[in-house]
Protein chains: 4
Amino acid sequence: MIIVMSPNATKEQIESVEKKLTELGFKTHTIVGEYKTVIGAIGDKRHLDTQFFSTLPGVESLVPIMKPYKLAGKELKKEPTIVEVGDIKIGGDEVIVIAGPCAIEEEKSFIETAVKVKEAGAKLLRGGAFKPRTSPYSFQGLAEDGLKIMSEAREVTGLKLVTEVVDPRDVELVASYVDILQIGARNMQNFRLLKEVGMYNKPVLLKRGLSATIEEWLMAAEYIMAEGNHQIILCERGIRTFETATRNTIDMSAIPVIKENSHLPIFVDPSHGTGSWKYVPAMSKAAVAAGADGLIIEVHHDPANALSDGPQSLKPEKFSELMQEIAPVVRAVGKKFNV
Amino acid sequence: MIIVMSPNATKEQIESVEKKLTELGFKTHTIVGEYKTVIGAIGDKRHLDTQFFSTLPGVESLVPIMKPYKLAGKELKKEPTIVEVGDIKIGGDEVIVIAGPCAIEEEKSFIETAVKVKEAGAKLLRGGAFKPRTSPYSFQGLAEDGLKIMSEAREVTGLKLVTEVVDPRDVELVASYVDILQIGARNMQNFRLLKEVGMYNKPVLLKRGLSATIEEWLMAAEYIMAEGNHQIILCERGIRTFETATRNTIDMSAIPVIKENSHLPIFVDPSHGTGSWKYVPAMSKAAVAAGADGLIIEVHHDPANALSDGPQSLKPEKFSELMQEIAPVVRAVGKKFNV
Amino acid sequence: MIIVMSPNATKEQIESVEKKLTELGFKTHTIVGEYKTVIGAIGDKRHLDTQFFSTLPGVESLVPIMKPYKLAGKELKKEPTIVEVGDIKIGGDEVIVIAGPCAIEEEKSFIETAVKVKEAGAKLLRGGAFKPRTSPYSFQGLAEDGLKIMSEAREVTGLKLVTEVVDPRDVELVASYVDILQIGARNMQNFRLLKEVGMYNKPVLLKRGLSATIEEWLMAAEYIMAEGNHQIILCERGIRTFETATRNTIDMSAIPVIKENSHLPIFVDPSHGTGSWKYVPAMSKAAVAAGADGLIIEVHHDPANALSDGPQSLKPEKFSELMQEIAPVVRAVGKKFNV
Amino acid sequence: MIIVMSPNATKEQIESVEKKLTELGFKTHTIVGEYKTVIGAIGDKRHLDTQFFSTLPGVESLVPIMKPYKLAGKELKKEPTIVEVGDIKIGGDEVIVIAGPCAIEEEKSFIETAVKVKEAGAKLLRGGAFKPRTSPYSFQGLAEDGLKIMSEAREVTGLKLVTEVVDPRDVELVASYVDILQIGARNMQNFRLLKEVGMYNKPVLLKRGLSATIEEWLMAAEYIMAEGNHQIILCERGIRTFETATRNTIDMSAIPVIKENSHLPIFVDPSHGTGSWKYVPAMSKAAVAAGADGLIIEVHHDPANALSDGPQSLKPEKFSELMQEIAPVVRAVGKKFNV
């Protein structure tokens, strides 16, 4: 940490900051510049809240030098994390696709969709049983009945299951049914929920919040990891910007930034990321070319009658075509694909 | 709702959309333009999910004509909502100030601060017992011990209490101690938590999410109101933008926009909104001049040693001066003030 | 400047950075931390481009310690700048209002509007002769004919004139007619235009760019000042955010931030800032309460027939009422007003 | 255009809007809903400013149905525009790469770099002679001397030239030297400059503004096209968001959105878009996979000594490797490449 003193800080103020740093266990190193003095504070004190230093008399600003995350970063663990779900390896040399409808609406069509996405090459099945909806008057999901339908689809197809959990009280129930727990964008900083999933031995798909910085996203992963669960898959799903042509703006550069700063695998959700099925193919190929470890794509047997997120869902046939288009791009970047 | 058909939509596609609308109970009215056809769908169907229309063949876009919220809007209730907490009336002709530290750290200093903010003119006391912190390594609050300290402060000063609740499992406990339940910015779309506080007969201070539109914010209020709890105070606390000179950017225009679209009272939090105590006075006066019903201001007896949010906290003496500065502005806009 | 070396930087890389800094005239001061080494570079080298340091092998990041602006900042000049236009003093203890239509459309109505805004208390008259319009098919302004109409309005009313200049080739012409040259938001980083107005002895009203940081805005002022023209009035006019309820989001906190970092006066434009005349009164009062030195407000005799920006224009009578409402707020913050 | 009347609009107000629309040549079609009346206005009146309708008494809002651009859109021209520069075809089935340093600094190294980027497969050479810099104290470019150096490089290598023009007064000069005129992000709404380049018979590379919507970007193209110059290449270079891990956020979804709404070719600039050479490879491959017609990449023989934008420049060897990596991705999406 570097503490920048204001140009008219007094000698006493500078000494007082140095003293406080020493008390907290930092070594200090003071540089007197032409206009300003800066104090270097040496030591790894990420467990301390040091923000208050900026309120000390004569202090202009603080400059953190170390990343605030430890477990999610590369300092302690350099090799990539491979999340294993049965015999599926996420984060390795194979690009993995998760597919399925936004919400589980009914058994027959869900299982039909599951069969089709499996045939097309998907390895995991998504579906929402607990839906966070902007309006209280919208369909909120089938709850446990939805989870039961998912289980049946897994039996029929062998696909592993991913579903969102929205309430700490539901984690145990959801974890008993599915293979990966999803934390949605709106709950990325629902810290109680993060802690709760951190206590289970289940992989977590952690979506980036609508306006979360990459650093805050890794701190959310840190919350889960600090409880002992290190099997995390990050998922970029579009951030909120001023542009309205797409529902969100996919931050594709998050892929190389995460690869540089973290060992965790990263997926992209082109369906929520754009809000329109028309843009899903271009964004799927771009994500894979940029180095994403996988994709999560919405597929619905009848988007025009979907109870949730129809506009961004592909029909199974379109999804199958898309998988064929993605395959050569995956190979062009030197990875494997199930198509 | 208006459905805009694409320029090359066929007659069949147009008729198919009309048919579907009729099935759902809408009356339809079709306008054939030079390039495009648009279909007006008449009827209040806010309980229906109509998003899927945009996926029907030949449809270009949907244009909602009605606001998605009902209870939070002015259609059904035109007069302002007055939230009553004891004999304090929020949303009327008096500007109300809530003050206190970000987190409750220790009994003695908390009560001292309470005494001072009361003397300065605050009518409610804030303090965090459950803290949502970006880092899992930061101080997370005293939990129920914090609530007990708050209760004592209420006994000593008579100030009513406001505190944040972050987990649906805690609502009952927190509601048994305090007078207003606060929903923080990070939880504005934690729909389970919204529903939970909607089931209690306690006023709710609903902070705007970091990147929530005003419409989404009112929809969050709608979630609470749909459960039966209509005592809601909205609180603007700064949105996330590209500017880094302040921690967030206070959207001051949210005040007249809310006043035009909703009957609910609106507060401003200049402390979180700017992230710096130096900017709190200017933003407090601006908020009041713009028509805010109240302010929530962080005050700490020793900001340089605060365990949370020190940089944005005022010392009690500064707060007292600020209240003196706010008073003439309140009167200049024709309202009353407790100073 | 602080140079942060990456955790695995070699001794040679560190020495190489130190050597380069010394060559450029910096004194260096190196701090060896637990994980990283940081090098303090002492000296005021704002005329040098030092960005390239971040590309040197082993460098992780640069942290600037000094503000990039000099003339616009408070280091060299602490007392506020007073811009004088005739006997009007901008930036002192009086709040000044500029009013008038977005575009000059026709002589008679322009002069009538001028007479009315003067009666209401405005001290300067605005009007656009060269209009930057999003569409090439929109009205582009009357050019020199508009400037002539402005001159007549000045003769009739005594009001001083403010108009926008959009092309370096027009500066001489525009400067020969009006009293203050306005640089619009879209041209805030049109550096050639900034340099051109910097060569004239005319005050400049410099609007903040739609997505300009406060630092970039002050750097735009620096461009003008570096050419010798120090008579600059900054004008906040709303930034671009995700919110769509208002055309732009007024960054009200820019007022105290500018007051802390610069000696230049700051105005607010609530008309462009919100895009709706309905929100102009609340935002005008807020701006004054926050410490703005003045306001620039759009007034049109017949907004429903305005060729440009009708939705955000007040009728003269509404403007007159607003001035009466602003007056007590101005006095509440201890300033003077012409009403 | 649809005009939405407010719930309490009177019969007279509705009739008055209908009358005004008829006067302007629209046919009207009125739909009376349960709460609100909406008026459909039929006719292509994009040359009219109809914004003022929102100020008529009783009007709540306007909903445009047609895109504001004509020449840049697909209504009048469905087939893709191919911009020809000598025998290079931009916008067809070949992905084209423009490469070179940010600024031209010196002859010898510039020509060496040109030779190397040609060998690596680039077809056009970029280099800045007139540089728009945030600070007036930064290197501003070599002006005409830079253009001369570019010409020599063209003679030596045969590469076509692209350079930025920042002032309407320079267009003639710059057009006499180079093959493509670039409009930078900061000047995307410098309408005088757009009009000026519209008068020349030279292709224009039009960068997207930092906070420009895709619609505004196409309107900027419309400005140029309205003057007669239809040879435009759009270039996505990152937009401004809250994320700070990258200098800007590349909006990769702009590629399919542009392909859906316009016939103009689109390039991506991964160098400015990310601000870091480390992220250029991932973003280059992503852009090509998403369907970009080309890339513009900064290459500098010695980034650590570049006078401008060193941190985002690749060394020639790295660029050459990148071209080898891009090639299979280009082929995976069915296009040709010069490698």
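1. Let's start with a helix. Helix α1 of chain A, spanning residues 11–23, lies across four strands of its chain: β1, β2, β3 (37–42) and β4. Against β2(A), helix α1 runs at about 155°. Please keep in mind as you look around that this is a predicted model.

2. Now for the strands beneath that description. In chain A, four strands form an open sheet, and their order is β2-β3-β1-β4. The pairing in this sheet is antiparallel. At the edges sit β2 (27–32) and β4 (59–63) of chain A, each of which pairs on one side only. From one strand to the next, the twist averages 20°.

3. One strand pair is worth a look on your screen. Strand β1 of chain A, residues 2–5, pairs with β4(A) in the antiparallel sense, over four bridges. If you would like a residue to find your place by, go to A:V4, which stands opposite A:S61 in β4(A).

4. On to the two copies, chains A and C. A turn of 180° with a shift of 0.0 Å along the axis lays chain C on chain A, with an RMSD of 0.1 Å. The two copies are therefore related as by a two-fold rotation axis.

5. Which residue of chain C comes closest to the rotation axis? That is C:F242, whose C-alpha is at 2.2 Å from the axis. As for the contact residues, 100% of those in chain C recur in chain A, so the same surface serves both copies.

Notes. Residues are numbered from 1 along each chain as its sequence is written. Chains are lettered from A and ligands numbered from 1 in the order in which they are written. This is a predicted model: local features need pLDDT of at least 70, side-chain atom pairs count only at pLDDT 80 or more; totals for chains, interfaces and linings use all residues. Two strands pair if DSSP finds at least two bridges between them. Helices (H or I, at least four residues) and strands (E, at least two) are DSSP runs, numbered from the N terminus. Axes are lines fitted to C-alpha atoms, for helices over the stretch in contact, and angles run from 0 to 180 degrees between N-to-C directions. Two residues are in contact if their C-beta atoms, placed from the backbone, lie within 7 Å. Copies are superposed by least squares on the C-alpha atoms of residues with pLDDT of at least 70 in both.
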